[in-house]
Amino acid sequence: MKNGMWKKAAALVLGAAMVMGLTACGSSNIGGGTTAAGSESGSEAGSGKNGVLKVGLSADYPPFELYAEVDGKRQMVGSDVKLAEYIADALDMELELTDMSFDGLIGSLDEGKFDLVISGMTIMEGRKCEFSDPYYVAEQALLVKKENVDKYAELGDLMGQKIGGQMGALQADLASEYAGDGAQIVGNVQDMVMMVAEDKLDGLICEKCVAQSAVAKNPDLAIASVQIPVDDKNEIAVCIKEGNTEMLEKVNEVIAEVSKKNLYGDWMMEYLGTEDIGAGTTEEATEEATK
């Protein structure tokens, strides 16, 4: 992982309120498609120009994806939703979002239920998909109760503790590696945030921006000083079904434009409400790492 520092953006108007209290994303159209506006669509995936772009995500991971009240309706929002909207617009397609458990996303993509998965997905060997060029480089953190923040300064402090990690995600592997038998693997990140708040977990390994989002909502939580290393760059990318090189090329063209304009950083700050969102775009993180 590269711990790139985020370049400070000026004169950014935060356009949406962050919502964190919803822990049960599974109750909203799991397995069934909804557009960003919440309407149903029966069009086939990848149906071409003016067709429907089906995108799978797990809306329990603010600021990447979460639920919020927008114009009186409960909708999926977040930086990944903004990216999905941008890609759909670039391809001249209607966007259809499906919320489901994170650990089922890649399998559903392989089965043809989605065109893309955009859900804070780390590039990892063994995941059955084509990865786009990365659009974000993450930093890992340990979320704990504020009263316990000084207990976790070194990796050895985690061993044997009840440390959570999301099922099917990089963080599950990290929890198992650093907490051993104490690792608690759960499907929903917001469930685990509540478990930390209620002393049912000693800590939760998650991306730093996710931990920051939780702390902003719950002042009883904090980020421990322990550094959570990973073996690779911890780059996040869009997932495309294996063999769909045409879609891969199109998505990479859009990501190049998004990166050039630094749009993803603006989108993330919109839903997090801070300029310190550790770590940043791949371009920025690379610049820091090579200094």
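**Exercise 1. A strand pair**

Find how strand 9 and strand 12 pair in this predicted model, and over how many bridges.

*Solution.* Start by locating the two partners: strand 9 covers residues 140–145 and strand 12 covers residues 203–207. Next, follow their directions: the pairing is antiparallel, over four bridges. To anchor yourself on one spot, pick L143, whose bridge partner in strand 12 is L204. As background, strands of a sheet pair through backbone hydrogen bonds, either parallel or antiparallel.

**Exercise 2. The sheet around that pair**

Work out the strand order of the open sheet that contains strands 9 and 12, and name its edge strands.

*Solution.* Walking across the sheet, you meet five strands in the order 11-10-12-9-13, with mixed pairing. Then look at the two ends: strand 11 (183–186) and strand 13 (221–223) are the edges, each pairing on one side only. Finally, consider the twist: on average, neighbouring strands here are turned by 35° against each other, direction ignored.

**Exercise 3. A hairpin and the loop before it**

Describe how strand 3 meets strand 4, and say which residue between them takes a positive phi.

*Solution.* First the strands: strand 3 (residues 66–70) and strand 4 (residues 73–77) run antiparallel and are joined by five bridges. One pairing to look up is Y67, which has M76 as its bridge partner in strand 4. Now the turn: two residues lie between the strands of this hairpin, and D71 takes a positive phi near 55°. That value is positive in a residue other than glycine.

Now step back along the chain to the loop between strand 2 (52–57) and strand 3, where P63 sits. Here the peptide bond from P62 to P63 is cis, with omega near 5°.

**Exercise 4. Helix 1 against helix 6**

Classify the packing of helix 1 and helix 6 from their angle, and list the residues that meet.

*Solution.* Two packed helices are described by the angle between their axes and the distance between the axes. For helix 1 (residues 79–90) and helix 6 (residues 245–261), the angle is about 120° and the axes are 10 Å apart. Helix 1 is therefore oblique to helix 6. Their crossing is right-handed. On the helix 1 side, the residues in contact are L83, Y86, I87 and A90; they meet V251, V254, E257, V258 and K261 of helix 6. Sorted by class, this contact has seven nonpolar, no polar and two charged residues.

**Exercise 5. Helix 1 against helix 7**

Repeat the analysis for helix 1 and helix 7, then find an aromatic pair within helix 7.

*Solution.* Begin with the geometry: the axes come within 8 Å and cross at roughly 140°. This makes helix 1 oblique to helix 7. The crossing is right-handed. From helix 1, the contact draws on S79, D80, K82, L83 and Y86, and from helix 7 on L263, Y264, W267, M268, E270 and Y271. The class tally for this contact is seven nonpolar, one polar and three charged residues.

Now for the rings. The structure holds six aromatic pairs, and one of them is Y264 with W267, an edge-to-face pair with 6.2 Å from centre to centre and 75° between the planes. Both residues lie in helix 7 (residues 263–272), three residues apart, which is about one turn of the helix. Y264 and W267 also belong to the contact with helix 1.

Note on methods
Residues are numbered from 1 along each chain as its sequence is written. This is a predicted model: local features need pLDDT of at least 70, side-chain atom pairs count only at pLDDT 80 or more; totals for chains, interfaces and linings use all residues. Side-chain values use heavy atoms; hydrogens and water are left out. Axes are lines fitted to C-alpha atoms, for helices over the stretch in contact, and angles run from 0 to 180 degrees between N-to-C directions. Angles under 35 degrees count as roughly parallel, over 145 as roughly antiparallel, 65 to 115 as roughly perpendicular and the rest as oblique. A crossing is left-handed if the near helix is turned anticlockwise from the far one by less than a right angle, and right-handed if clockwise. Contact means heavy atoms within 4.5 Å. Ala, Val, Leu, Ile, Met, Phe, Trp, Tyr, Cys and Pro count as nonpolar, Asp, Glu, Lys and Arg as charged, and the others, Gly among them, as polar. Two strands pair if DSSP finds at least two bridges between them. Rings of Phe, Tyr and Trp (its six-membered ring) pair if their centres lie within 6.5 Å; planes under 30 degrees apart count as stacked, over 60 as edge-to-face and the rest as tilted.
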